[in-house]
Amino acid sequence: MANIATARIKREFKEVVKSEEVAKCNIKLELKNDSFTELRGEIAGPPDTPYEGGNFILDIQIPATYPFNPPVVKFVTKIWHPNISSVTGAVCLDILKDQWWVTSVFDYICLSFQALLAAPEPDDPQDAVVANQYKESKDEFKNTARHWTYAYAGRPTASAEYDSKVEQLKNMGFDEHKARVALSTKHWIVEQAMEHILS
Amino acid sequence: MHLLNKVTTVFQGQEFYIAIELPNRSLQQAKICCDWRLKSLLTGYEHLLEQRLQQSTTLAGFMEELKTIVERVGQDGDMSPASVASPRFYSHLLEELAEVGWERLSFIDANFRWLHLEAKDSCDRRHVLKIHLHEQHPEVAPDCVTELPLPFHFISTGSNSLKNLFSQFKQCLEQYKEFWDAMDEIDSSTWVLEPEKPTRSATVRRIALVNNASLQIEVNPVQPTVLPKCTFLGADHVTSPLKGNLCKNLHHWRSAVSLLDNLQNVLEVTFPSPANTKKEDLSVECGICYAYRLAGCVPELTCDDSRCCQTYHRDCLYEWLRSDPTSRLSFNMVFGECPYCSKPITMKAPNK
């Protein structure tokens, strides 16, 4: 079956690259190796979301049984989202699991990812901490997600408050990313975040 | 410095002499001479010898390696060198080829056992007769390989000469003239989806009708103008009317008219031809693997819904339906949904 996978990826890849729809939505797809088993996707954060202005890199692994089984996709860029693990980048998306359909193609997958960024589904979470925050305080979630987009996905503007808090912990000798995770988890209260790191 | 291995290595009753020349006393630049039997045995293993020579530190060590290689080669292959026939065989062969005409000879192998003779029929079509000569040629009849639609049997009428064989072959070609005329017409004025490159022996053609339906015919090479065996492939709404036409118009089949014209008259269709269509429009890829040809197969199954008509390879669709929990198998038939339009689709389970 492996030859089916390769043949199909080649065709899909050609079409995605020239597809207008893809160019319009700022989706990029490139090969990581010559064997067409690993691809790198890039999607732009949708407008009017905390992810706006960010570029998110996706790691796409094609199984040998493709297209009968879905590709395995995860976020390389760190992201704060209820359906995406902030640790591993693993995504919870039905079309890549039980709702996989043999005719789904890459542009559809990438568009689904953008849709997921625009409309999180906290009731089917991948990251429980983020999902709780999303449900309890949407504003705090939005600000945190926006801050992560700034820190990891190249969003140009930053929240001065969050940035200074991360800086504060960093100056105390903590790892920047660990500090950010702790602050995001502990409602951006520096003392609690510190306890969280040390516990 | 010149060494000769005085002790001959005896293996399976065969003796090999080798001489190894060592310029500058270094093994790296050693030159090995051996008799032709050993040489022919070692053909293809030169790189291995070279590698061993580089790795060995002493000559004795290398000799040990060489022995192992020869033993292994001896096990794999035939220890007896390629047989050489008696001089008579060759002189006779040359005479025979002169009789047939040297211009007919298109290939001969290094052992003078396999030769290809080329013939042209009355319509200027090239045909190749591949001949394998027996060691006892001409006492024993040669074996022949041809690209004729039916097996070619050489009847040795007293003589096994190449001339006799070749003239029989040429006679045989004329028998199939009508068949090839009919096939050539189909090949040139329709889009033949399969075989990809029809050989002269192929009696089956899959002719494109529209982008998702085709007609497969199997022609009788002896009576090419009679109705061939017809199989329709594709969506029901396209093939059903054609099947109806075939039954209705069967009595209009005329042996005097060419096969292609007969087919078009009886089916009441005009086959798309290279003159007015592109092959890409007719050879539609499989909706699952996105390829047209997959391991020699072309998409054979089509969704029967007239708005969908998506085509699939048998293997691809089966693989998908099998992994889809909503589809079910009963009496060797798989019932599922078309991956594109979700309308019911059925297929026979492949025999595995």
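Student: What makes A:Asp94, A:Asp98, A:Glu121 and A:Asp124 a negative surface patch?
Tutor: In this predicted model, the four form one negative patch on the surface. Asp and Glu count as negative. Like charges are joined within 9 Å, and members need over 30% relative accessible area. A:Asp94 has 41%, so this residue passes the area cut-off. A:Asp94 sits in the loop between strand 4 (72-75) and helix 3 (106-118) of chain A.

Student: Why is B:Val145 called partly exposed?
Tutor: Partly exposed lies between 20% and 50%. B:Val145 has 41% relative accessibility, so the label fits. B:Val145 is in strand 9 (residues 143-145) of chain B. With B:Phe107 and B:Trp114, B:Val145 forms a nonpolar surface patch of about 260 Å² accessible area together.

Student: How do you know that B:Glu285 and A:Arg11 form a salt bridge?
Tutor: The cut-off is 4 Å between side-chain nitrogen and carboxyl oxygen. Here the closest N and O atoms are 3.3 Å apart, so the pair qualifies. B:Glu285 lies in a loop of chain B and A:Arg11 in helix 1 of chain A, so the pair joins two chains.

Student: Why is B:Glu319 called buried or exposed, and what about B:Arg322?
Tutor: Buried means under 20%, exposed over 50%. B:Glu319 has 16%, so B:Glu319 is buried. B:Arg322 has 54%, so B:Arg322 is exposed. Their side chains meet in a salt bridge at 3.0 Å, N to O. They are three residues apart in helix 10 (residues 314-323) of chain B, about one helical turn.

Technical notes:
Residues numbered from 1 in each chain as written. Chains lettered and ligands numbered in written order. Predicted model: local features only at pLDDT ≥ 70, side-chain atom pairs only at ≥ 80, totals over all residues. Heavy atoms only, no water. Patch = residues over 30% accessible without salt bridge, like charges linked within 9 Å, V, L, I, M, F, W, Y side chains within 5 Å. Areas by Shrake-Rupley, 256 points an atom, 1.4 Å probe, with all protein chains shown as cover. Charge placed at Lys NZ, Arg CZ, Asp CG, Glu CD. Helix = DSSP H or I, 4+ residues; strand = E, 2+ residues; numbered from the N terminus. Buried < 20%, exposed > 50% of the residue type's maximum accessible area, 1.4 Å probe, protein only.
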